[in-house]
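Colleague: Could you take a close look with me at one part of this model? I would enjoy a walk through how its pieces pack.

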Amino acid sequence: MRLAAMALVVALLGFPALPQSTLRGSRVENRRIVLAASAVLDGKGGVRRDTRIVIEGSKIVALDPNAGPVDYDLRGLTVLPGWIDAHVHITWSFGPDGRNAGQGGTRPEAAYGAASNAWLTLMAGFTTVQSVGSPADIPLRDAIAKGILPGPRILTAIEPLMGRGEQTGTPDEIRAFVRKQKRAGADLIKIYASGGMTQGAMTMSQEQLNAACDEAKKQGLRTLVHAFRDAVRAATRAGCTEVEHGLGASDDDLQSMAERGTYLDPQAGLLLETYLQYKDRYLAPPYYTEEGFAAMKNLIPAHQEFIRRAQRVPGLKIVYGTDAVAGAHGRNAEDFIHRVRDCGADPMAVMVSANSLNAEALGMADQIGAIAPGLEADIIALNGDPLKDVTAVRRVVFVMKGGVVYKNAARGAIPAYAGVQP
């Protein structure tokens with residue numbers, strides 16, 4: 001997309017135009033910006049009142065109630081760190097026929113769809129996402145990092161390791177696959193260790209999982225494992241970093257995860273609701289069948305009950321990931337509402353899960369996830385208090401990422417979301 005066209009889109013949406021130097025990827029000017037705030041959730045479970053956040057370049061340098069002059073007055077709003085979504089598919093979009101194109105589609109249309117997904121996600125307050133994964137993530141990740149496109153910071157698994165029993169490969173072949181992803185620029189390794197939600201068989205052996213997670217550690221990479229039922233226990237034993245989904249894990253499995261420090265990333269409703277909402281666009285056997293859709297309605301409460309059970313396990317690190325697919329990008333905050341309203345989660349714990357806890361899980365706690373001096377200036381503001389009314393997460397009126405303001409909407413101008421899904 002040309003810069004002039006992008007600037008026109010930004011103007012039409014009512015958001016402040018980004019400087020062309022920013023869009024071209026030049027470094028953020030080392031100028032001083034002061035945000036005034038009456039309520040700040042620090043991302044770690046604390047609340048600061050009546051303070052000012054001082055930013056120089058891309059970093060927070062101080063929290064000083066006497067700092068000035070004020071550049072952005074966010075008093076009356078709730079200010080907090082930009083959210084992190086630990087599990088998205090940022091390049092998934094609907095194709096020209098309106099149907100699910102997954103990560104495929106014709107090259108120009110897929111690129112436009114991915115850029116739109118990134119914009120919608122950023123406007124929803126998510127300044128970092130983990131996309132797991134597709135080779136198409138790489139050019140999008142790099143374009144955003146260079147400032148060519150606006151979007152969240154992206155970490156990607158590129159090509160996932162698909163569990164296919166013996167066809168997955170020998171331990172040595174699996175180690176070679178991990179090294180290949182490292183050379184290709186992967187930030188993490190995604191592993192499919194079991195079938196889907198209703199198909200519970202493990203698709204990798206314990207020995208294969210051990211090889212994948214061990215080699216990833218040697219390469220300095222984290223491992224995220226798609227796992228249900230028995231595969232949760234196997235991934236934990238293998239020393240993998242994070243279990244995705246986890247439905248069907250026993251209380252003993254969850255306790256073992258807590259003891260080993262394995263992160264759990266369950267989904268609370270957005271994913272399945274999106275599939276059901278766009279059933280006609282997704283329906284395509286053998287992966288999306290009438291039988292599968294019929295089961296989804298019952299699976300939503302099953303996932304929510306699983307989260308309620310997981311929340312009762314002391315020390316279990318439950319992070320925030322939505323598994324956002326086509327139709328869900330820009331609506332990532334809906335699972336906050338599900339977790340609080342339908343799973344009985346504490347609102348502050350839910351905010352922390354998408355801030356400092358997710359940053360820790362990503363190995364980026366020294367860079368993002370909190371409002372503190374020395375960290376990136378990823379800061380958002382909500383029109384409302386999510387600790388009292390969790391639906392405030394839908395009303396993101398201010399977005400700053402790395403010291404650059406991408407959104408500064410008038411209060412009351414955002415009834416739900418900045419973007420409109422097709």
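How close do the axes of helix α9 and helix α11 come, and at what angle do they cross?

Modeller: Happy to! Please keep in mind that this is a predicted model. Two packed helices are described by the angle between their axes and the distance between the axes. Here, the axes of α9 (residues 270-277) and α11 (residues 290-311) come within 9 Å and cross at roughly 160°. Angles over 145 degrees count as roughly antiparallel, and α9 and α11 are therefore roughly antiparallel to each other. The crossing of α9 and α11 is left-handed.

As for the side that α9 brings to the contact, Leu272, Glu273, Tyr275 and Leu276 take part. They meet Phe293, Met296, Lys297, Leu299, Ile300 and His303 of α11. By class, the residues of this contact divide into 7 nonpolar, 1 polar and 2 charged.

Since you like packing, here is a helix set against a sheet. The sheet is open, with 3 strands in the order β6-β7-β8 and parallel pairing. Strands β6 (83-88) and β8 (153-156) stand at its edges with a single partner strand each, so one side of each has no neighbour in the sheet. From one strand to the next, the twist averages 15°. Between β6 and β7 (residues 126-131) there are 4 bridges, and Val88 has Ser131 in β7 as its bridge partner. Helix α4 (residues 137-146) packs on this sheet, where α4 touches β7 and β8. The direction of α4 makes about 150° with that of β8.

Terms used: Residues numbered from 1 in each chain as written. Predicted model: local features only at pLDDT ≥ 70, side-chain atom pairs only at ≥ 80, totals over all residues. Heavy atoms only, no water. Axes fitted to C-alpha atoms, helices over the stretch in contact; angles between N-to-C directions. Helix = DSSP H or I, 4+ residues; strand = E, 2+ residues; numbered from the N terminus. Parallel < 35°, antiparallel > 145°, perpendicular 65-115°, else oblique. Left-handed = near helix turned anticlockwise from the far one by under 90°. Contact = heavy atoms within 4.5 Å. Nonpolar A, V, L, I, M, F, W, Y, C, P; charged D, E, K, R; others polar. Pairing = 2+ DSSP bridges.
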